[in-house]
Amino acid sequence: MAARLGLLARLPLCGQGRGRFLDCLHRHLSSPGTAILKREEPLAEPGLQEKTKKKTFSEVQKERHEQAQRSILISCPKKVPEKKLLKYLCQHGEITNHFFFESFGIHAVIEFSKKESIASLQDATSIPRGETEFPIPFKSRFFHLNLKNPPKQTSNEMLIQCSKQSSPLNSDLMQMLCNAESVEDQINSLMKILQITEENIRLRYLTCSLIEDIAAAYFPSCTIRPFGSSVNSFGKLGCDLDMFLDLDDIGKNGATKTGEPFLMEYQVKNVSSERWATQKILAVIGECLDNFGPGCVSVQKILHARCPLVRFSHQASGFQCDLTANNRIAMKSSELLYIYGSLDSRVRALAFSIRCWARQHALTSSIPGAWLTNFSLTIMIIFFLQKRSPPVIPSLDYLKNLADARDKCIIEGNDCTFVSNLDKIKPSENTETLDVLLYQFFEYFGNFAFNKNSINIRKGKEETKPDSSPVHIQNPFEPTLNISRNVNESQLERFVHLARESAWILQEDKGQSSKSSNHPWGLAALLLPSVSNKSKAKKPGRGSTSEAVRKLLESIKADSSKHPTATREKRTSSP
């Protein structure tokens, strides 16, 4: 169930935050319902503004992680006075941000300016005692709020706004696309309505941080990091939360001084392989989540998969979660997609539209099977953009050549090195519009030689297929792996057929807009379930197969009724 989030006014009511009251009020009134905003800075004089340095992926991760560690999650009653709640919480420290959302009830995310405020709140919080059930006394950052004197009537201050943060209904989506001014406007609007919001990103990092608190009982210096769609900038509202347990930092602070006569090490238990160690660690954490994790339900320990994991639902946030251990190559893949998405705004916009198109026609699915995954499709989009002239985005080898010593990264013998500083990468000279790129994508892969060539974003060009699989897409960091090896011939044929039909529809609808068309057009026409039948009906001489068969049977039946004797003679003489 996708979480429904809503941003409310952030009006600090405690002594420490009173000085920022007017600034927060101004922002709230000028931009209601928007994502969490930064403090407005005074405009610099023309010519004096310095170029803003782009944050690296690691810097963003670190900032979000620290933000989550200062945050708490509260389960609230339906009728909760927001101002009184904030005033109560401000006794423990300054609140920098907060918002409410709905998932199995009303919840609030509160971010303090200091982590010490959370410890103060925990000291003032009691463990509930039930009459029929005995609680497990685990002190987490997930709280439950009760009203001592619930009001009988609902006043305006009791109403909490919770805006939906799940994907819109198809009907609403189609209406929005049909009202757009152009195909490019459709593509940009689709991305804005489907992409993860600021509040949703904060909630994802907070969920990881809450799971980290549980894992830290056994591994005090561990970190739970989100990866995949949650962090690579291509995430859609309602997507699963992938996270991995990072144990690499444990013991790094124990560096010994040179010249010391002794080397002190931890006494540990050893096992025969890293995989076995991973399975044991995840088994223990899975038990902890199942027995002690507030809000963690439907815990499954899938330890014998190629990549062992613990799967569970986090009810409070509404996320379906997959927890793995030391999955560092997946994190590097997330960083690479983040860089590509940050280099040019057209990359993400195109990806959201093509992935939505694929999902509408069941070319992709969240259930494992013989179809393309979102990751495979995104790599195909990146490869296509590398092939444009001039390229929209560079190859992975180009990014590797820009890397310095700090970017050097070898994981399990695989070279995962590429530049992390976005400012080192030159902007693209390609000026093609999104509508042109969308059409060219379908045209390109509708005629791609899948039987001969493989897709390689490291080189940015086709290579000869090393095997007989229908589709071969080389893993960017593990060259021997084909990330699309699950795709069968029939699914490839469907993809190619729909790509050709979609290119034809875009060509037919060229120049149309909401003012000139009374039916779904452009991107909206591509998302219709009957896109294939529609395009066939438009083409002269090509009718629906079922319609042709029906007419043929009707004509035979009519002919038989008029000339029954002749029909019997023909049947008898037929070989």
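## Exercises on a predicted model

Arg-388 is buried, with a relative accessible area of 18%. The model is predicted. The exercises below start from this arginine.

**Exercise 1.** Where is Arg-388 placed, and which side chain does its side chain meet in a polar contact?

*Solution.*
- Start with the class. The cut-off for buried is under 20% relative accessible area. Arg-388 has 18%, so it counts as buried.
- Next, the place. Arg-388 sits in the loop between helix H11 (374–387) and helix H12 (396–401).
- Then the partner. Its side chain makes a polar contact with the side chain of Glu-432, at 2.6 Å.
- Last, the surroundings. Not counting residues up to four places away in sequence, Arg-388 touches Asn-430, Glu-432, Leu-437 and Gln-440.

**Exercise 2.** Check the span of helix H9 (residues 328–343) against 1.5 Å a residue. Then say how many residues of H9 are buried.

*Solution.*
- H9 has 16 residues and should span 22 Å.
- The C-alpha atoms at its ends are 23 Å apart, which agrees.
- Of the 16 residues, 13 are buried, so H9 is largely enclosed by the rest of the structure.

**Exercise 3.** Which residues touch the most other members of the largest nonpolar core, and which helix gives that core its largest share?

*Solution.*
- The core holds 74 residues; Trp-357, Leu-438, Phe-445 and Phe-495 touch the most other members.
- Helix H10 (residues 345–360) supplies the largest share of this core, nine residues.
- Take Leu-438 and set aside its neighbours within four places in sequence. Its contacts are Val-183, Ile-187, Leu-350, Ile-354, Leu-506, Leu-523 and Leu-526.
- A second core of 32 residues is separate; Ile-211, Leu-241, Leu-245 and Leu-323 are included in it.

**Exercise 4.** How do strands E8 and E9 run relative to each other, parallel or antiparallel? Which residue of E9 stands opposite Lys-301?

*Solution.*
- Five bridges join E8 to E9, and the strands run antiparallel.
- Six residues lie between the two strands, which form a hairpin.
- Opposite Lys-301 stands Val-310, in E9.
- Now look from Val-310 to helix H8 (residues 274–292), the place of Glu-287. The C-alpha atoms of Glu-287 and Val-310 are 9.7 Å apart, with their positions 23 residues apart along the chain.
- Glu-287 has a relative accessible area of 36%, so it is partly exposed.

**Exercise 5.** Is His-304 buried or exposed, and which residues does it touch?

*Solution.*
- His-304 lies in the loop between strand E8 (296–302) and strand E9 (309–314).
- The cut-off for exposed is over 50%. His-304 has 73% relative accessibility, so it counts as exposed.
- Leaving out residues up to four places away in sequence, His-304 touches Arg-275 and Gln-279.
- From His-304 to Trp-276 the C-alpha distance is 9.9 Å, and the two are 28 residues apart in sequence.

**Exercise 6.** How many disulfides does the model contain? Use Cys-208 and its closest cysteine sulfur as a test case.

*Solution.*
- A disulfide is a covalent bond between the sulfur atoms of two cysteines. The cut-off is a pair of sulfur atoms within 2.5 Å.
- For Cys-208, the closest cysteine sulfur is in Cys-321, at 7.3 Å. That is too far for a bond.
- The count comes to zero disulfides.
- Check the burial of two cysteines. Cys-208 is buried at 1% relative accessible area. Cys-239 is buried too, at 17%.

Notes. Residues numbered from 1 in each chain as written. Predicted model: local features only at pLDDT ≥ 70, side-chain atom pairs only at ≥ 80, totals over all residues. Heavy atoms only, no water. Helix = DSSP H or I, 4+ residues; strand = E, 2+ residues; numbered from the N terminus. Buried < 20%, exposed > 50% of the residue type's maximum accessible area, 1.4 Å probe, protein only. Expected span 1.5 Å × (residues − 1). Polar contact = N/O pair within 3.5 Å; in protein donor to acceptor, adjacent residues only side chain to side chain. Contact = heavy atoms within 4.5 Å. Core = buried A, V, L, I, M, F, W, Y, C linked by side-chain atoms within 4.5 Å. Pairing = 2+ DSSP bridges.
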